[in-house]
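Trainee: Could you take me through one part of this model in detail? I would like to look at the sheet, the helices that pack on it and the aromatic rings around them.

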Amino acid sequence: MSFLKRAIKQGISDGIGKAVGEAITTAIEPKATELANKAAARIEQEVEKREVAEAAEQAAKEARVKSVFGGLESAFADLEKAATSYATEMSKNYKICPNCGKPSDVDKKFCPACGTKLPEETLAAGAVCPACGKQNDIGTKFCADCGTKLPAAVQEEEAAKAKDDAVMVKWDTLLANYPKWTCGGKDYDIEQYDIDQFRFVAQFEGNSIAAQNAVKQYRILLQENGFTTAGQYPNVEHLYKMVDNTCYHVNTEHCFDGDPDCPNIYFSVGEPTGGFYYVKEEPKKQQLDLDDLKEGLGALKGLFKK
């Protein structure tokens with residue numbers, strides 16, 4: 001052993017030193033690997049135990065929460081059911097005005113708020129299915145048992161149509177010089193800003209594409225009725241028509257600034273920039289000065305004389 005130490009110290013044989021190193025590694029590595037594997041296994045077991053414990057704890061929490069909220073959901077469901085039943089029972093004593101939507105006592109024939117004639121049916125009767133007789137919840141549009149449209153929904157549609165028809169009657173008076181809107185939508189309205197300024201509104205309920213197509217259709221209708229681009233800066237979004245020296249103007253340029261599914265079309269009286277009959281001037285042709293022409297001819301004659 002002493003010889004080996006001296007040999008290593010003196011560096012007589014690198015091969016011997018290397019052999020000793022390999023021998024030590026060969027002896028130690030299996031044991032070290034075994035210990036490492038055992039340690040890794042213990043770590044994995046501890047991790048698994050912790051994960052299981054955490055999962056169990058989380059499941060317990062969720063179970064407690066579910067238990068609490070499940071009780072609340074059940075309580076709310078019972079409350080909703082009771083409220084719906086109460087509303088249906090109370091609705092047997094009321095009618096709803098088809099114009100302003102306010103409730104009135106069952107014995108009333110005309111709405112105390114706006115004077116509109118009230119329907120014969122009560123609010124509850126409007127939810128009774130005409131096909132199968134089921135009493136549906138108030139506010140239901142179709143029967144829950146057979147799918148038939150309920151009387152209240154039919155009345156609501158008829159009232160909305162009557163309201164839109166009334167706006168179109170107003171059109172005949174307020175916008176008589178413009179073609180009537182026939183491009184769809186609902187909940188029409190005409191608002192007057194000044195003696196010659198109006199705004200027409202139509203709702204398309206979330207369908208912005210249908211709203212845009214409707215405005216395009218109305219522009220075509222305007223052009224078919226004699227409206228045209230005019231002025232110094234012609235634009236299809238501003239159409240004009242001259243009638244008895246009065247220029248009628250329809251503006252659709254900003255009709256979707258407020259709401260993409262609710263076009264606002266503006267009507268007014270007034271000529272465009274440059275006037276209705278504006279015509280772009282043609283470039284002027286350059287005219288020769290008479291004196292310059294005579295002078296040029298004289299110079300040309302002088303050349304020939306020479």
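Mentor: Happy to! Let's start from a single bridge: histidine 249 has serine 268 of β7 as its bridge partner. Please keep in mind that this is a predicted model. The two strands to look at here are β6, residues 246-251, and β7, which pair in the antiparallel sense over four bridges.

Now widen the view to the sheet. It is open and built from five strands, in the order β3-β4-β7-β6-β5, with antiparallel pairing. At its edges are β3 (186-194) and β5 (238-243), each of which pairs on one side only. Going from one strand to the next, the twist averages 15 degrees.

Next come the helices. Helix α3 packs on the sheet, where it touches β3, β4 (197-203) and β7. The direction of α3 makes about 30 degrees with that of β3. Helix α4 lies across β5, β6 and β7, and runs at about 25 degrees to β5. So β7 is a good strand to keep in sight, as it appears in the contacts of α3 and also among the strands that α4 lies across.

With that frame in place, turn to the rings. A search of the whole structure finds 11 aromatic pairs. One of them joins tryptophan 171 and tyrosine 218 edge-to-face, at 6.5 Å centre to centre and with 85 degrees between the planes. Because tryptophan 171 lies in helix α3 (residues 151-174) and tyrosine 218 in helix α4 (residues 208-224), this pair ties together parts that are 47 residues apart in sequence. Tryptophan 171 is buried, at a relative accessible area of 1%, and tyrosine 218 counts as buried too, at 0% relative accessibility.

Tyrosine 218 also forms an edge-to-face pair with phenylalanine 267, again 6.5 Å centre to centre, with 75 degrees between the planes. Here the link runs from helix to sheet: tyrosine 218 lies in α4 and phenylalanine 267 in strand β7 (residues 264-269), so the pair ties together parts that are 49 residues apart in sequence. Both tyrosine 218 and phenylalanine 267 are buried.

Finally, step back and see where these three rings belong. Ring pairs link Trp171, Tyr218 and Phe267 into a cluster that also includes Tyr178, Trp181, Tyr188, Phe200, Phe227 and Tyr248. If you follow the chain of contacts we have just traced, you go from Trp171 to Tyr218 and on from Tyr218 to Phe267, which brings you back to strand β7, where we began with serine 268.

How values were computed. Residues are numbered from 1 along each chain as its sequence is written. This is a predicted model: local features need pLDDT of at least 70, side-chain atom pairs count only at pLDDT 80 or more; totals for chains, interfaces and linings use all residues. Side-chain values use heavy atoms; hydrogens and water are left out. Rings of Phe, Tyr and Trp (its six-membered ring) pair if their centres lie within 6.5 Å; planes under 30 degrees apart count as stacked, over 60 as edge-to-face and the rest as tilted. Buried means under 20% relative accessible area, exposed over 50%, partly exposed in between (1.4 Å probe, protein chains only). Two strands pair if DSSP finds at least two bridges between them. Axes are lines fitted to C-alpha atoms, for helices over the stretch in contact, and angles run from 0 to 180 degrees between N-to-C directions. Contact means heavy atoms within 4.5 Å.
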